[in-house]
Structure formats: structure tokens, C-alpha cells
Amino acid sequence: MRIGSLIGKGWPILLAAPLTILACNEEKDVTAPAGVETSAPAALGRLAVSVTCTGNVGRASLSCERIGSVGTLLGPQFLIVGGQGQFVQLTSSSVNYNQGKQEFSFDVTVQNLIPQALGTADGTATTGVRVFFHQMPVETGTGSGAITVDNPTDVGTFTGSAQPFYLYDEILSENATSGSLHWILGVPKTVDTFAFEVYVAADVQYPNGFVRVTSSPEKVSVGADVTLSAEVVDVVGRAVSGRTLTWSSQDGSIATVGAGTGVVTGQAGGVVDIVTSSSGPEADGSGRVTVIDASGYDIELRFLTSVTQTQRDAFVNAVARWESLITGDLMDIPFNPGPNECHPDVDEFVDDDLIFISLIEIDGPGQILGRAGPCFVRTSDTLTVSGIMEFDIADLDQLETDGQLELVILHEMGHVIGLGTLWEDKGLLSGGSPVLPCNLANDPDPRYLGAQGIAAYQSLGGVESTVPAANTGGSGTRCGHWREADFDNELMTGYLNAGSNPLSV
């Protein structure tokens, strides 16, 4: 069996630097004034405690302790938040003091710890994340001298007027960390220690909070029930009490749901969003449910590493696509392979294909995007029982930005099912067999020999008697895909093209 891999074409190379922790104190509740920054309205109400940091010039260090509690936080669209380690995490590296220039410099990243994205008002357009000085740096030791912020992105009105800020021009999803910005403070040699307070200010999509579905099983069988649950949270993810939830189905032909119970009943095979609404001002939430027709082909996913909800949805959509294309059903079989190098041990009945998924480091950005293949096959028909899919974490953000993540998942899932990976084992590839691997030496012009594949190829205008298989690339590409030169952007070639990558008949 082969492991199929997909290679990106013309992708940018992105660099990341190692990070160290910037420890910060947290002090004071403050009340936001009525002023506004030119680019967005200021927050209303009481703010979380600021992030307070102390610098030591002699040691060229930034250090502090966490003290106090976080307090309350409110805001309309433009959220202002502190709470180091709870709502945000500021991290520094490369701390340095240049005596000649009298500059104290360091690099800073911002991590978003709230369960919605920072830096976007609609979930798509980027407005960025600003870290602004609520209290300018001041000398705190026995020395003296005025301290300046020398290279801010700009100044604006947040909790006061003319406040310097650094703009991280990106969207930070939950737990995402920004790129690094270089901060420079003008610090006289006569200063020994100093402190400053900052807040993070950013647009958010759900300023009034939202409903979060807390149990959303991926699958339910036709005729079976499953109960969803949800909670109402505020803008930063804290629970809100006293709300009534109402449930509805986006497609009652696939699944119905009890309006006041969250009990979902599968009606027909397909994927449907179950929406839950709050009696308060919070935004609706939803959970995606796949309804399985037991008479059809069934793919079960097991995640070995954590994934975001967006990534999970892309996997679920890919499953639904393959299950709609493969209309046959394989026999449920007991599966207990014992310890193996492919995936964790299991002891269960499988119907029809069990796939294990990992997001890992492979080879850096823009090269191998993912790789996948069967692990175990049935003895009766040599079709897949279990398989693995691995994706390079260095490429995931760019794939999501370009709208191609689901395409890559769909491609790799095809390899697990057997496209390109079981051709040799089943005698469907010229120059390849279980004992004669397909490679350049054995066959410089590999061909797919399956009768129905040939018929489909010719229905699309193919003029040859067999289907051209990939004759270039490494072992994960050659002989395991359709030929790029003939099929160009077809999804099951070995290369991901910009724009459309259709999955052909």
C-alpha cells in the first residue's frame, strides 16, 4: 500500500521565531471614558485589570508577578481587554538595552485566550489587534528620567487621549498567537527600573456574547435520537445565567429537533446545522450533525490532536461528500489489530472506514500539505478498514485563508479510501503490483487499468485506452494520483492548484 501526499504549488514561505514568556502583573479596574478612537468606538463600562509590566535596565529584563483578580469587562463591538493569562497572553523575546542609544527594546506577541476571534467585526475582514499604553512607562526605582515609546504604530483614544499603540494587523482566532512586533522604549541610563500598563483592544464578531453548543456529536443514525446541549456566554466566554434556549433545524428533511429540548432525530442521510437561540441579546450558536443512513458507506473520524471548530467542520464536510459519492455498503467487521505503528489500538466493530487524524509538523510551509493512506484492509475484498491522515500545521492557516482546507482534506480522505493507495494491491496499475512496486524504473508511463475509471476518463474526452497516472514526483506522488499534465487542477492529482480543484467523475 502507498501513502499519498499532496504538494502545494507557489505557496509563500512563512517564518516563525521562538518565544519566551513575558511575565506581567495585573492591577486596577478602570472606567472607560466616552472618547472614541478614529477607527472604532471605545468600549463601555468597566474594564478588566490591565496588564502591568516591569522592566529592569541593568539586567535588560522584563519580569513581574500576577496579583489581584480580573474583575468585570463589558464592551460593544470594540473590545478592550486585559487579564494576562485569562483573556490574553503577552509574550516577549529578545529583550535588550542599548546604552549608546539609550533604548530598551523587545519583541512582543499576543495570544487570544477568549473563545471568539479578535481583530474582526464580521469574522472575515481584518481590522487588527491593538496593544495600547493605558499608563505610559514611568521610573519606579531610585533613578530618574522620562521614558518614551519610540516606535508605536500610531496613537489613538482608548481609555485616554493620544495613547501610543502597536497594531497587530491580523485576525487572532481562539488560542492563536500573533506575529511578533519590535517595541522600542527610550529609557535614559539614569533609570534603573520602570513599569507600564497596557490593554488589548480589538473588534469582535459577538460583542453581546453568543450561544456555544457544548455537545455536538458528529453523527446520528436515521431514526435515532441525540441530545445537544449549549450554554450562553458573554463576550469573553464567561457563563451567562437566566436565559432560555430555543432550538431549530436548518433542514428538517435531514434532522428534526425539539424546540425546547435539543433532542435531534435523524430523518435522512446528510449534514445539517442545528441552531440554538438565546432569549437575551446573545448571537445564535449552532452544532453540525451528520445523519448516517446505515445502508450506505460510513466514515468514522478519530482526532489524535486538537482541532478548531472550523477545521472539524471541514473534516465533517469531507466525510459527507465521500459518503454521498460512494453508494455501496461494506460489511461491519470486528476490528482489533493489537498494538501497531499506524494508530492507537481499538477493539470494536467498524462500519465502514475508521480514520485517525493528526495535525503535525511535516516539512514546513508550502511543501507537503498532507499525507494519508490505509492502515488495515479487509481480507475479503482488500478494502480499507482503518487509515491515517496527517496534515502539516505549518500550512493550515494559509489553507483556511485561501478556502482550500476542505479540498486538501477531501483529497487525503480519498487516499484512505483507496484512491491511488490500493491500486497496486488490487492489480489496477500498470508497472505496479503487490510484488512489483510502480516506479520510474519499472514503468516510466504508469496507467490506471480499472474499467469504470477508464470509462469515466473517456466520458470526459480522454482519448487513450487507459488513464494516465502520475509519472513525476516522489514516492508519495508518483503512481498514486492522476497525472498533472493531463488532468491539471483535478483534485486527485498530486498537486494543489490555486482556485478550483474539482473532484471529477
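**Exercise 1. Find the residue that stands opposite T256, then describe the sheet around this residue pair.**

Solution. T256 stands opposite T265 in β21. This is a predicted model, in which local features need pLDDT of at least 70 and side-chain atom pairs count only at pLDDT 80 or more, while totals for chains, interfaces and linings use all residues. Residues are numbered from 1 along each chain as its sequence is written, and side-chain values use heavy atoms, with hydrogens and water left out.

Step 1: the strand pair. β20 and β21 (residues 263–266) are joined by three bridges in the antiparallel sense. Strands (E, at least two residues) and helices (H or I, at least four residues) are DSSP runs numbered from the N terminus, and two strands pair if DSSP finds at least two bridges between them.

Step 2: the sheet. Three strands in the order β17-β21-β20 make an open sheet with antiparallel pairing. Its edge strands, β17 (225–227) and β20 (255–257), each pair on one side only. On average, neighbouring strands of this sheet are turned by 25 degrees against each other, direction ignored; axes here are lines fitted to C-alpha atoms, for helices over the stretch in contact, and angles run from 0 to 180 degrees between N-to-C directions.

**Exercise 2. Locate the disulfide and state how accessible each of its cysteines is.**

Solution. Step 1: the count. The structure holds one disulfide, meaning a pair of cysteine sulfur atoms within 2.5 Å.

Step 2: the partners. The disulfide is formed by C342 and C375, with sulfur atoms 1.6 Å apart. The pair links distant parts of the chain, 33 residues apart: C342 lies in the loop between β25 (333–335) and β26 (348–350), and C375 in strand β28 (residues 368–377).

Step 3: accessibility. Buried means under 20% relative accessible area, exposed over 50%, and partly exposed in between (1.4 Å probe, protein chains only). C342 has a relative accessible area of 27%, so C342 is partly exposed. C375 is at 13%, so C375 counts as buried.

**Exercise 3. Trace the pairing of β14 and decide whether this strand is enclosed.**

Solution. Step 1: the partners. Strand β4 (residues 50–56) runs antiparallel to β14 and is joined to β14 by six bridges; N56 has T193 in β14 as its bridge partner. Strand β14 (residues 193–203) is also joined to β9 by eight bridges, again antiparallel, and here Q135 has E197 in β14 as its bridge partner.

Step 2: one strand further. β9 (residues 129–139) is joined antiparallel to β12 (residues 163–168) by four bridges. The bridge partner of V131 in β12 is Y166.

Step 3: burial. Eleven of the eleven residues of β14 are buried, so β14 is largely enclosed by the rest of the structure. Both faces are covered, with T193, A195, E197, Y199, A201 and D203 buried on one side and F194, F196, V198, V200 and A202 buried on the other.

**Exercise 4. Classify two aromatic pairs and name the members of one aromatic cluster.**

Solution. Step 1: the rule. Rings of Phe, Tyr and Trp (its six-membered ring) pair if their centres lie within 6.5 Å; planes under 30 degrees apart count as stacked, over 60 as edge-to-face and the rest as tilted. The whole structure has 21 aromatic pairs.

Step 2: Y97 and F104. Their ring centres are 6.4 Å apart and their planes are at 45 degrees, so the pair is tilted. Both Y97 and F104 are buried.

Step 3: W423 and W482. This pair is tilted, with 4.9 Å centre to centre and 35 degrees between the planes. W423 sits in the loop between α3 (405–417) and β30 (447–448), and W482 in the loop between β31 (467–468) and α5 (484–487), 59 residues apart. W423 and W482 are both buried.

Step 4: the cluster. One aromatic cluster is formed by Y97, F104, F106, F133, Y166, W183, F194 and F196.

**Exercise 5. Check the length of helix α1 against its expected span.**

Solution. Step 1: the expected span is 1.5 Å times one less than the number of residues.

Step 2: α1 (residues 309–325) has 17 residues and should span 24 Å; its end C-alpha atoms are 25 Å apart, which agrees.

Step 3: the buried residues of α1 include F315, V319 and W322.
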